[in-house]
Amino acid sequence: MQRTPLIAANWKMNGSAALVEEMVDVLTALPLTEHAVVVCPPATLLTRFPAVCNFALGGQTLSHEISGAFTGELSACLLQEAGASYVIVGHSERRALNGESDELIAAKLARAVAAGLTPILCIGESATERQQEKTQQVLARQLDAVYASQPELLAKSVIAYEPIWAIGTGESATPEQAQTTHAFIRQHLARYNTQSAVRVKLLYGGSVNADNFTALFRQADIDGALVGGASLKPAEFAQICLAVT
Ligand code: PEP
């Protein structure tokens, strides 16, 4: 099964109008394959990107509600209207800092799909959980919470495996560690739907940079990356994008 690659940039609470311009200049000069790159800036910057360009845009989170009295929240439709076609759901920073539960993440993912956004579901274990050999248990719980009761959403999802100990630490998982875990994830996803499990894109995230990406991307079950820090450096991010083009 040939899965098309995807590189996703997570700017988190970083960036500026100037960085948007720089990134647009750099990325539009690349021969990017269609649908190969998505940039997820802070939501206020979405409309600063050109309406049509050679990469897609995404939000970093969304509300599970459709609309209403939810001060500070952003709905799937508002993100879409601002130009997003993807949205990150369940990033470990939101799980930890905003108390997002597995159940809330499942509701957000369903809302994203219902609105026509492609969710990038983030899952991953902490350093302690890995040391305690609980990685598979944690990932299975995070996946089951979303797909056990709504398996049809798998076909509409992208999944990013982001070990928490690798995020922003400069300590990426090794290609072998990442591949072993991605293979487990794909095998677990087959419980919900075997065809979708083969087709779903699995991204690796956690200290990906232009130097380590190629070896990660060579692994059979790694279809691309979710890139944090390195996605704020246009030249380096461009190199990562070119590796899948
Ligand atoms: C992330 O937060 O999604 C991420 C992968 O960050 P970094 O690449 O900086 O580790």
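**Close-up views of a predicted barrel model**

**View 1. Surroundings of His91 in the predicted model.** His91 is buried, because 27 other C-beta atoms lie within 10 Å and 20 or more are required for that class. The residue sits in the loop that links β4 (86-89) to α3 (92-97). Apart from neighbours within four places in sequence, His91 is in contact with Gln60 and Cys122.

**View 2. The positions annotated as "active site".** An unreviewed UniProt entry assigns this annotation to His91 and Glu162. The two positions span 72 residues in sequence, yet no two of their C-alpha atoms are more than 8.5 Å apart, so they gather at one spot.

**View 3. Surroundings of Glu162.** Glu162 belongs to the loop between β6 and α7. This residue is buried, because 27 other C-beta atoms lie within 10 Å of Glu162. Outside the four nearest places in sequence on either side, contacts of Glu162 include Ser92, Cys122 and Gly124. Gly205, Gly206 and Leu226 are also among the residues in contact with Glu162.

**View 4. Pairing of β7 with β8.** Strand β7 (residues 201-205) pairs with strand β8 (residues 224-227) in the parallel sense, over two bridges. Gly205 stands opposite Leu226 of β8.

**View 5. Helix α7 against the strands.** Helix α7, formed by residues 175-189, lies across β6 (158-161) and β7. Its direction is at about 145 degrees to that of β7.

**View 6. The barrel.** Eight strands close into a barrel with parallel pairing, in the order β1-β2-β3-β4-β5-β6-β7-β8. From one strand to the next, the twist averages 25 degrees.

Terms used
Residues are numbered from 1 along each chain as its sequence is written. This is a predicted model: local features need pLDDT of at least 70, side-chain atom pairs count only at pLDDT 80 or more; totals for chains, interfaces and linings use all residues. Two strands pair if DSSP finds at least two bridges between them. Helices (H or I, at least four residues) and strands (E, at least two) are DSSP runs, numbered from the N terminus. Axes are lines fitted to C-alpha atoms, for helices over the stretch in contact, and angles run from 0 to 180 degrees between N-to-C directions. Two residues are in contact if their C-beta atoms, placed from the backbone, lie within 7 Å. UniProt positions are given in the numbering used here, feature names are shortened, and annotations may be inferred rather than shown by experiment. A residue is buried if 20 or more other C-beta atoms lie within 10 Å of its own, exposed if 12 or fewer, and partly exposed in between; C-beta atoms are placed from the backbone.
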